[in-house]
Amino acid sequence: MLAETKFAATKPLDAPALGEPYLLTPGPLTTAYAVKQAMLRDWGSWDGDFRVMTADLRRRLLALTGDARDEFDCVPMQGSGSFCVEAMLGSFVPKDGKVLVLANGAYGLRAAQTMQYIGRAYTLIDKGDYLPPRGEEVAAALQADPAITHVIAIHCETSSGILNPVVEISEAVYANGRKLLVDSMSAFGAIPLDVNEIRYEAMVSSANKCIEGVPGFGFVIARKSELEAAKGRSHSLSLDVHAQWANMNKTGQWRYTPPTHVVAAFLEALRLHEAEGGVAGRGARYTRNRDVMVAGMRDLGFETLLKDRWLSPIIVTFFNPAHPNFAFDRFYELMKDKGFIIYPGKLTVVDSFRVGCIGQMDEHVMRRVVEAAAQSLNEMGVDTAAPSPAAIAERAKLAA
């Protein structure tokens with residue numbers, strides 16, 4: 001059984017003020033009204049007040065990594081999370097370098113596709129839809145190919161909802177003299193990525209994930225030594241992390257037009273994050289969301305793709321019921337009518353859907369999610385949410 005958490009909610013969070021549905025997705029997600037309000041004011045992108053905001057943003061994000069020795073710096077980058085992943089790969093991997101891409105879902109495969117586009121050599125460990133890349137596999141691949149210089153790992157692969165074992169991956173990478181890059185897009189801010197405990201050269205995340213801001217920029221947190229070495233490497237003018245870093249440190253400004261309102265919203269989101277207890281507090285609420293929701297869905301007969309060991313507190317994949325009356329599109333619309341937007345599945349071998357645990361939601365909301373699912377099944381004439389035997393057989397591969 002999933003463990004209870006010590007941060008159980010005592011007072012329900014406010015519902016969306018405009019009555020919009022909850023976004024049970026891995027981001028964009030439901031945000032606090034104060035975050036939305038922060039976008040009502042206009043800011044001059046070159047003005048001193050906005051430069052102060054940018055500096056504050058960078059400082060607060062660095063603090064979340066535990067960098068007490070001042071070895072890292074934070075570089076915000078305009079665009080979506082995928083922009084930042086490409087910026088990281090294009091800036092920190094030398095043109096004659098080679099990357100080992102660890103994939104167990106869409107985002108690892110997207111990193112491999114990015115390597116193709118930017119013209120850098122790579123090799124791939126593809127574990128399929130959901131099996132985790134393990135440290136011994138990484139070590140074996142590095143020992144077999146001395147040309148590999150870097151490894152990129154996905155912290156939380158939201159295709160399946162699996163939390164990948166980045167600690168053992170990091171240990172394998174550095175035991176073999178290579179460098180680790182981390183895509184922590186959907187995990188940073190709720191799951192620890194402390195530089196004193198997990199070694200890596202750079203990581204990326206996005207404003208509209210566990211910090212609970214809105215879409216518009218991401219950020220790269222990297223060792224200063226790696227940032228200095230990245231000069232002249234990038235394949236792209238706008239995605240050059242070194243150039244952005246150097247310009248911010250010299251002028252306090254973004255090189256090109258920043259998403260000013262998004263930055264203002266993110267600062268408010270960071271203040272709320274700190275007030276909640278930082279990474280530990282945010283992660284505890286999300287974990288409680290997951291525990292309450294998963295227990296309720298299992299009571300209805302739903303089965304999770306992953307066993308408890310691998311379930312992240314970010315998003316959970318459920319197998320579709322095998323009942324002939326169940327149709328996901330209909331289930332989606334019924335859930336939306338009740339105030340909840342869920343997420344389609346991304347598995348290729350069995351039909352599934354996903355329910356996110358992140359955003360401005362708590363256990364009280366998750367109980368309502370379960371109630372809505374029960375009502376929706378009843379309206380569809382589905383009396384059991386049990387999946388097909390093929391789905392259970394597929395899950396058994398994870399335990400093997």
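Helix 3 and helix 4 sit oblique to each other in this predicted model. The two pack at an angle of about 55 degrees, and their axes run 10 Å apart. Helix 3 covers residues 81-92, while helix 4 takes in residues 106-118. As for handedness, helix 3 goes past helix 4 in a right-handed crossing. An angle of about 55 degrees falls outside the 65 to 115 range that would count as roughly perpendicular, and it is not under 35 degrees either, so oblique is the label that fits.

Next come the cysteines. The disulfide count for the model is zero. Take Cys 84: its sulfur has its closest cysteine partner in Cys 74, but the gap is 9.7 Å, so no bond is called, given that a disulfide needs the sulfurs within 2.5 Å. Cys 84 is also buried, at 0% relative accessibility. Cys 210 tells a similar story. The cysteine sulfur nearest to that of Cys 210 belongs to Cys 156, 7.9 Å away, and Cys 210 takes part in no disulfide. Cys 210 is buried too, with a relative accessible area of 0%.

The aromatic side chains have plenty to offer, with 14 aromatic pairs in the count. One of them is Phe 318 with Phe 353, whose ring centres are 5.7 Å apart. Their planes meet at 25 degrees, so this pair is stacked, the cut-off for that label being under 30 degrees. The two partners come from distant parts of the chain, 35 residues apart: Phe 318 belongs to strand 11 (residues 315-319), and Phe 353 to strand 14 (residues 352-356). Phe 318 and Phe 353 are both buried.

Phe 326 and Phe 331 make another aromatic pair, this one tilted, with 50 degrees between the planes and 5.3 Å from centre to centre. Phe 326 has a relative accessible area of 11% and counts as buried. Phe 331 is buried as well, at 1% relative accessibility. Both values are under the 20% cut-off, so both residues earn the label.

These two pairs also belong to a wider picture. Phe 318, Phe 353, Phe 326 and Phe 331 are among the members of one aromatic cluster, which also takes in Phe 302, Phe 328 and Tyr 332.

Finally, there is a charged side chain set against a ring. Arg 41 lies over the face of Trp 43, and the distance to the ring centre is 4.0 Å.

Key:
Residues numbered from 1 in each chain as written. Predicted model: local features only at pLDDT ≥ 70, side-chain atom pairs only at ≥ 80, totals over all residues. Heavy atoms only, no water. Buried < 20%, exposed > 50% of the residue type's maximum accessible area, 1.4 Å probe, protein only. Phe/Tyr/Trp six-rings, centres within 6.5 Å; stacked < 30°, edge-to-face > 60°. Helix = DSSP H or I, 4+ residues; strand = E, 2+ residues; numbered from the N terminus. Lys NZ or Arg CZ within 6 Å of the ring centre and 35° of its normal. Axes fitted to C-alpha atoms, helices over the stretch in contact; angles between N-to-C directions. Parallel < 35°, antiparallel > 145°, perpendicular 65-115°, else oblique. Left-handed = near helix turned anticlockwise from the far one by under 90°.
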